[in-house]
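Colleague: I have the model open and would love your help with a close look at one part of it. Could you take your time and then place that part in the wider picture?

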Amino acid sequence: MDALLHALSITGAMTWDITWALILGFALSAVVQAVARKQGVAGLLGDDRPRTLVIAAGLGAASSSCSYAAVALARSLFRKGAGFTAAMAFEIASTNLVVELGVLLALLMGWQFTVAEFVGGPVMIVVIALLFRRLLRPDLLREARAQADRGLAGSMEGHAAMDMSVRREGPFLRRLLSPEGFTATSHVFVMEWAAILRDLVLGLLIAGAVAAWVPDSFWQAFFFEGHPLAAKLWGPLIGPLVAIASFVCSVGNVPLAVVLWTGGISFGGVVSFIFADLLILPILNIYRKYYGRRTALLLLGTFYAAMAVAGYVVELLFGALGLIPDRSSAHVPSGGVHWDYTTWLNIAFLALAAVLLARFLATGGRRMLRMMGGSPAGGN
């Protein structure tokens, strides 16, 4: 019982420390998504040219951060005519180049990890594009498209199909500050929370349990702490494997990343772990449903390679520039609630969340919540 209470206390402390940052991140993301329309996106992503992949990454960064919704939306784009490589670039950016992830990384681990997110993400996309040019044969692509057109259900497809952006025309601020903009922002904000809440809670519980029950000596041996070269070589290889086994995706894996970082994994290993939210076992099963077994295996191999390469690039680049932060600057929260800046920020941002929730409920939000896990047709 004492061990369980210890784990729950760490989970509670971590939740309290990150609440305001999560609300801030999702609010900023909601503002972007509220004015970014989804119509016509597939038409911009019809090939794998560098310009197209840049557009895919930009559109993905302005989209949902829920990994399941990102995977579903990528399949939808592919079915509507987007190139497979561009659809995967969109998917990667949707979960690894988003504002809320950067805010959370900066709070818990340091700004260097936020910069590493935005450096490593494009590296992943470049590696994926190069590997697909070599490995994605025409017969495999035809097989993937035929399987995608079967429309087998995955997860969060209703949410992925929703376009909650402002319909009216006009400049950015005028659209955002209009009543429609307020409604659209509230809808995106609450639906994003609903989409990631399960993984966020699971990630916090796993992080609390690991921090409380797994001794530091285990992580130090597992990550070769004390052997700098071995640790740097091992980290980006083992990071994605830990993520695959954790079942936690999206921003939910950041709390566990903190535990791994304080436990001794290398800087590049943390980055590759965070990027591997698109390789957890439930999502691998969705790839099999969406594109067939052979393409799912291709995605497993190429995504893993891209995540490891991104980890190595970030490790080398940040090491050469002297930007790898001191491990002691990160910590696993374990204290209680105190009247400090965290408490005041939580009060302010919880009030903001309450306002957005009230607007959401007053403008048909309950019906949207019922549709979010349904079919794409139900989400339109």
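Is Phe224 buried, partly exposed or exposed, and what is its relative accessibility?

Modeller: Happy to help, and please keep in mind that this is a predicted model. Phe224 counts as partly exposed, because its relative accessibility is 34%, and the partly exposed class runs between the buried limit of 20% and the exposed limit of 50%. Phe224 sits in the loop that links α11 (216-222) with α12 (228-246). Its backbone deserves a look too: phi of Phe224 is near 60°, a positive value in a residue that is not glycine.

Now for the chain around that loop. Its secondary structure consists of 19 helices and zero strands. The radius of gyration is 20 Å, which agrees with the value near 21 Å that a compact globule of 380 residues would have. Along the principal axes, the C-alpha atoms fill a box of roughly 50 × 50 × 40 Å. Of the 380 residues, 53% are buried, so Phe224, at 34% relative accessibility, is outside that buried group. Contacts tell us about the fold as well: among those with a separation of 6 or more, 85% are between residues 24 or more positions apart. The area that the chain exposes is about 15,800 Å², with 68% of it supplied by carbon and sulfur atoms.

On that surface you can find a nonpolar patch of about 640 Å², made by Leu4, Leu5, Leu8, Leu197, Val201, Leu205 and Trp213. Two helices, α1 (2-35) and α10 (179-213), each supply at least two of the patch residues. The biggest share comes from α10, which gives four residues. On the α1 side, take Leu4 as an example: Leu4 has its place in that helix and is partly exposed, with a relative accessible area of 41%.

For contrast, let us turn to the charged side chains. Side chains of opposite charge can pair when their charged atoms come close. The structure holds six salt bridges. One of them joins the side chains of Arg49 and Asp47, with 3.2 Å from N to O. Arg49 in this pair is partly exposed at a relative accessible area of 48%, and Asp47 is also partly exposed, at 27%.

Another salt bridge to display is that of Arg137 with Asp139, where the closest N and O atoms are 3.4 Å apart. Arg137 is partly exposed at 42% relative accessibility, while Asp139 is partly exposed at 30%. Asp139 has a further partner in Arg294, and here the closest N and O atoms are 3.6 Å apart. Arg294 belongs to helix α16 (residues 293-320) and Asp139 to helix α7 (residues 138-148), so this pair ties together parts that are 155 residues apart in sequence. Through shared partners, salt bridges join Arg137, Asp139, Glu143 and Arg294 into one network. Arg294 itself counts as partly exposed, at 37% relative accessibility.

To come back to your starting point, Phe224 is a partly exposed residue in the loop between α11 and α12, and its positive phi is the backbone feature to inspect there.

Technical notes
Residues are numbered from 1 along each chain as its sequence is written. This is a predicted model: local features need pLDDT of at least 70, side-chain atom pairs count only at pLDDT 80 or more; totals for chains, interfaces and linings use all residues. Side-chain values use heavy atoms; hydrogens and water are left out. Patches are made of residues with over 30% relative accessible area and no salt bridge: like charges are joined within 9 Å, nonpolar side chains (Val, Leu, Ile, Met, Phe, Trp, Tyr) within 5 Å. Accessible areas come from the Shrake-Rupley method with a 1.4 Å probe; for residues, only the protein chains shown count as cover. A salt bridge is a side-chain nitrogen of Lys or Arg within 4 Å of a carboxyl oxygen of Asp or Glu. Buried means under 20% relative accessible area, exposed over 50%, partly exposed in between (1.4 Å probe, protein chains only). The radius of gyration is taken over C-alpha atoms; the globule rule is 2.2 Å times the number of residues to the power 0.38. Contact means heavy atoms within 4.5 Å.
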